[in-house]
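Colleague: Please pick one part of this model and look at it closely. Then connect it to what surrounds it.

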Amino acid sequence: VLIGKINFEKNTKIIFRDRVFEANTLNVTLNDPDQTNAEIYLSARSRVNDYDINLLVQGLATNPTIKLTSLPPLPERDIVSLLALGMTSASIDKNIESNQQQSN
């Protein structure tokens, strides 16, 4: 039976896919001794290419809300692309265009 709160130290490293994020805040709270569905609050940041990426995860472990933001600002789908593929959709489009022009 566990109940209580775990606070992690600032600058704890979190790995999201293959990207390392530095945690600003990471708290895990166990409110109900009969369940292991912890409440999570995570605020972290990473630098990918020329973008500062912020990751916010909050809510219950079984159904957390995840929000990604960046500076300079990108739509969330481009941030996901940047994290997964290392480039935004605009960069992918440019690469496709360049490859098509080289093929012609």
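Modeller: Start at one pair of residues: Ser46 stands opposite Ile53 in β5. Before going on, some ground rules. The model is predicted, so local features need pLDDT of at least 70 and side-chain atom pairs count only at pLDDT 80 or more, while totals for chains, interfaces and linings use all residues. Residues are numbered from 1 along each chain as its sequence is written, and side-chain values use heavy atoms, with hydrogens and water left out.

Now the strands around that pair. Strand β4 covers residues 39–48 and strand β5 covers residues 51–60. The two run antiparallel and share 10 bridges. Strands here are DSSP runs of E with at least two residues, helices are runs of H or I with at least four, and both are numbered from the N terminus. Two strands count as paired if DSSP finds at least two bridges between them.

The turn comes next. The hairpin of β4 and β5 has 2 residues between its strands. Asn49 is found in this loop. Its phi is positive, about 55°, although Asn49 is not a glycine. As background, most residues other than glycine have a negative phi, and most peptide bonds are trans.

Strand β5 has a second partner. β6, residues 65–71, runs antiparallel to β5, and 7 bridges join the two. A hairpin of 4 residues connects β5 to β6. Ile53 appears again here: its bridge partner in β6 is Ser70. So Ile53 has Ser46 across from it in one pairing and Ser70 in the other. Further along, Val57 stands opposite Ile66 in β6. In general, side chains in a regular strand alternate between the two faces of the sheet.

Ile53 also leads into the core. The largest nonpolar core has 16 residues, and Phe21, Leu42, Ile53 and Leu83 touch the most other members. β3 (19–30), β4, β5 and α1 each supply at least two residues of this core. The largest share, 4 residues, comes from β5. A nonpolar core means a set of buried Ala, Val, Leu, Ile, Met, Phe, Trp, Tyr and Cys residues joined through side-chain atoms within 4.5 Å. Buried means under 20% relative accessible area, exposed means over 50%, and partly exposed lies in between (1.4 Å probe, protein chains only).

Take Leu42, one of those well-connected members. Neighbours within four places in sequence aside, Leu42 is in contact with Ile14, Ala23, Thr25, Leu26, Leu55, Leu56 and Val57. Contact here means heavy atoms within 4.5 Å. Val57 is thus on the contact list of Leu42 and also the residue opposite Ile66.

β4 carries a charged residue as well. The side chains of Arg45 and Glu22 meet in a salt bridge, 2.8 Å from N to O. This pair links distant parts of the chain: Arg45 is in β4, Glu22 is in β3, and they are 23 residues apart. A salt bridge is a side-chain nitrogen of Lys or Arg within 4 Å of a carboxyl oxygen of Asp or Glu. Arg45 is partly exposed because its relative accessible area is 33%. Glu22 is partly exposed too, at 23%. The whole structure holds 5 salt bridges.

Follow the chain out of β6. The peptide bond from Leu71 to Pro72 is cis, with omega near -10°. Pro72 lies in the loop between β6 and α1.

That loop leads to the helix. Helix α1 spans residues 76–85 and contains Asp78. The buried residues of α1 are Asp78, Ile79, Ser81, Leu82 and Leu83. Leu83 is the one already met among the best-connected core members. As a rule, an α-helix has 3.6 residues a turn, so residues three or four places apart point the same way.

Asp78 counts as buried because its relative accessibility is 8%. Beyond four places in sequence, Asp78 touches Thr88 and Ser89. Asp78 also forms a salt bridge with Arg77, at 3.5 Å from N to O. Elsewhere, salt bridges that share partners join Lys13, Glu22 and Arg45 into one network. Arg77 is exposed, with a relative accessible area of 58%. After α1 comes Gly86, whose phi is positive, near 85°.
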